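Me: Hi! Could you walk me through this structure, with the cut-offs spelled out as you go?

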Amino acid sequence: MKIWSNQQKWLFLAISFVLLVVSLFSSLTFGAAQLPAEQVIACIFNQCTDNLEQTLVWQIRLPRILAAILCGAGLAVAGAILQNTTRNPLAEPYLFGVVAGAGLGASIASIWFVNYIAIALPVAAFLGAVLAISIVMLFGISSKARRVESLILAGVAVSFMLSALSQFLLYMGDPFATNRVMFWLMGSLARVEMQDLSIITPVIFVCISLVLLFHRHLDALLLGDENAQSMGIQVNKLRLLMLAICAALTATLVAYCGGIGFVGLMIPHIVRQWFSSTSAWLIIGCCLLGGIFLIWVDVLARTLVNGQELPIGIITSILGSIFFLTLMLKKH
Amino acid sequence: MNPLLSVSNLTWQTEQKTILNSISFELKDQSVNAIVGPNGAGKTSLLRCLYGQINQYSGQVEFLNKPIKSYSAKQLAQQIAVVNQHLPINFALSVYEIVCLGLIPHLSLFSQISPSQQTFIEQILNQLEIQHLRDRHFNQLSGGEQQRVLIARALAQKPKLLILDEPTNHLDIHFQHQILNFICSLNVCILMTVHDLNLASYYADHILLMNQGQLIASGTAQAVLTPKLIADVFKLPVELGLNPLNQKQHVYFAASDIAKQFTPAAVTQAEINKAGC
């Protein structure tokens with residue numbers, strides 16, 4: 001694998017940025033209703049002749065495309081951080097019980113807070129995701145479980161425990177609640193509205209900015225805990241901070257968009273293979289490629305089946321698994 | 001002259017056993033010091049106490065007349081750099097990226113690598129003759145090249161004390177001498193663990209002989225590497241001589257005597273049966 005020069009890296013980022021912008025605008029034309037490009041451009045500049053089209057662009061399509069960019073970027077960055085902090089290329093946010101925790105929260109909201117479901121579901125999902133990762137972090141703080149492997153195993157155990165709890169609740173509860181949680185867990189960007197973006201956007205920006213501040217420290221962690229410590233890095237504190245950032249990123253995204261798997265695993269992998277393993281480049285690359293990827297997956301979700309929208313999590317999982325199997329075959 | 005590092009009555013115990021027992025010694029600035037001893041003697045544990053990885057010890061460890069525990073992690077990293085045996089790199093980092101990580105103790109969260117620091121890194125790459133490897137992946141390098149990269153990373157920390165845990169491990173004879181020659185030419189205090197007593201004799205000004213967590217002897221090669229001490233610690237009969245090429249003390253091992261103890265003839269049928277072979 002060749003190492004790119006800084007100029008080549010900047011060029012790659014510039015091309016990715018242009019692709020992201022092009023993807024954003026071109027994806028506005030896809031959907032159940034036919035909307036040609038010139039109409040979309042007119043609507044963007046508030047010169048739409050039809051109010052319905054104006055609403056379609058500004059209230060329906062644009063929020064979910066922006067949500068796709070934020071969600072793709074956030075999940076990819078969360079995956080990259082976890083992989084660097086655990087030095088495990090297979091680590092991803094869902095391995096730490098985030099989706100299982102959010103699922104438990106969603107189950108509780110669906111069974112006991114049906115009347116307030118629109119607000120209760122994202123709030124409960126967020127709290128559930130935070131609960132899951134807090135248990136893993138508490139385990140990480142305890143002196144007997146500071147090893148990276150213990151942290152991952154704790155995540156897997158918490159994930160199974162919370163999944164079992166939510167399955168128990170759904171089994172005992174209303175069948176409609178089970179359906180609601182099942183569909184929610186499959187992931188969708190359709191639920192995201194403009195006002196939701198005002199919550200998601202600052203969380204993603206603050207988290208990614210914090211990660212970028214610590215980019216050298218994350219690189220040092222790749223050399224092992226003891227080497228990083230000998231370079232003046234407080235390894236345990238850094239690892240807990242990064243886990244907290246991952247918790248904030250994924251819990252927020254899962255609360256609004258449900259379970260969207262494989263993005264946190266696949267995108268950092270691609271960025272490392274094509275681009276760079278050092279954290280600063282990796283994070284920026286993940287933001288751009290993650291955003292582009294999820295925009296087009298969402299387009300597929302909207303257009304693949306006529307008159308029906310597929311859950312986005314199904315498509316990311318299919319694409320992700322095919323990607324990894326192909327990668328393994330290539331390596332062999 | 002005040003010592004750079006002073007260790008007095010250093011003892012480290014776990015729940016099960018005493019790993020280091022009442023160790024005292026001093027290191028002078030710009031000296032080359034080698035810790036020798038059999039496996040499990042406590043060499044690496046001693047190093048880990050000195051660079052702050054182990055803190056639950058009793059006794060005093062002072063660096064520049066200040067207890068090492070009073071230094072923050074960053075302050076310590078500006079003074080002491082470490083080259084460890086193991087480097088678990090699963091991700092593809094380039095040589096240049098790894099060497100630049102050595103600047104971390106001298107950078108704040110918001111600062112960028114300055115042009116003077118870039119020049120400094122280039123100097124180190126030239127000094128270690130790894131300039132041509134700067135854009136190669138660390139994982140693609142030979143053992144000797146990797147070791148030089150790790151030393152370059154440590155030197156980027158601008159340390160006064162460079163600690164190396166078995167720097168000649170897995171290296172062939174050529175690279176062993178190349179690395180040690182280079183290490184000894186640096187104007188910093190060196191503390192390293194080595195298994196080869198002759199390498200310690202050739203390159204170290206000061207040798208510390210450890211066994212079972214204790215410092216058995218310390219001093220020059222002539223004072224420490226005596227037949228009696230080596231026989232006591234390594235359970236191996238040796239003879240001493242002078243290497244005519246460098247006029248340094250050389251330890252000759254009676255390897256054939258050891259070999260005899262482990263010939264198949266020495267193993268009885270009863271022992272084989274007992275072992276279940």
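Reply: Gladly, and burial is a good place to start: a residue is buried if 20 or more other C-beta atoms lie within 10 Å of its own, exposed if 12 or fewer, and partly exposed in between, with C-beta atoms placed from the backbone. This is a predicted model, where local features need pLDDT of at least 70 and side-chain atom pairs count only at pLDDT 80 or more, while totals for chains, interfaces and linings use all residues. Residues are numbered from 1 along each chain as its sequence is written, and chains are lettered from A and ligands numbered from 1 in the order in which they are written.

Me: What percentage of the residues in chain A is buried?
Reply: Chain A has 332 residues, and its C-alpha atoms fill a box of roughly 65 × 60 × 40 Å along the principal axes. Under the burial cut-off, the buried portion comes to 50%.

Me: How many helices and how many strands does chain A have?
Reply: Helices (H or I, at least four residues) and strands (E, at least two) are DSSP runs numbered from the N terminus. Read from that end, the elements of chain A are α-α-α-α-α-α-α-α-α-α-α-α-α-α. The count is 14 helices and 0 strands.

Me: Why is chain A called as compact as a globular protein of its length?
Reply: The radius of gyration is taken over C-alpha atoms, and the globule rule is 2.2 Å times the number of residues to the power 0.38. For 332 residues the rule gives 20 Å, and chain A is close to that, so it is as compact as a globular protein of that length, with a radius of gyration of 20 Å.

Me: Which helix gives the most residues to the largest nonpolar core?
Reply: A nonpolar core is a set of buried Ala, Val, Leu, Ile, Met, Phe, Trp, Tyr and Cys residues joined through C-beta atoms within 7 Å. The largest one has 98 residues, and V77(A), A129(A), I133(A) and C286(A) have the most contacts inside it. With 17 residues, the top contributor is helix α3 (residues 51–86) of chain A.

Me: Is I135(A) buried or partly exposed?
Reply: I135(A) is found in helix α5 (residues 117–141) of chain A. It has 19 C-beta neighbours inside 10 Å, so I135(A) counts as partly exposed.

Me: In the open sheet of chain B, which strands stand at the edges?
Reply: Two strands pair if DSSP finds at least two bridges between them. The sheet has 6 strands in the order β6-β7-β8-β3-β9-β10, with mixed pairing. A single partner strand for each edge strand means that one side is left without a neighbour in the sheet, and this holds for β6 and β10 of chain B.

Me: Which residue in β10(B) stands opposite N211(B)?
Reply: Strand β9 (residues 206–211) of chain B has 5 of its 6 residues buried. On one side, 4 bridges join β9(B) in parallel to strand β3 (residues 32–36) of chain B. Strand β10 (residues 214–219) of chain B runs antiparallel to β9(B), over 5 bridges. In that pairing, the residue opposite N211(B) is Q214(B).

Me: Which element gives the largest share of the side of chain B that touches chain A?
Reply: Two residues are in contact if their C-beta atoms, placed from the backbone, lie within 7 Å. The contact takes 27 residues from chain B and 23 residues from chain A. Elements giving two or more residues on the chain B side are α2 (73–79) and β6 (80–83). The largest share, 4 residues, comes from α2(B).
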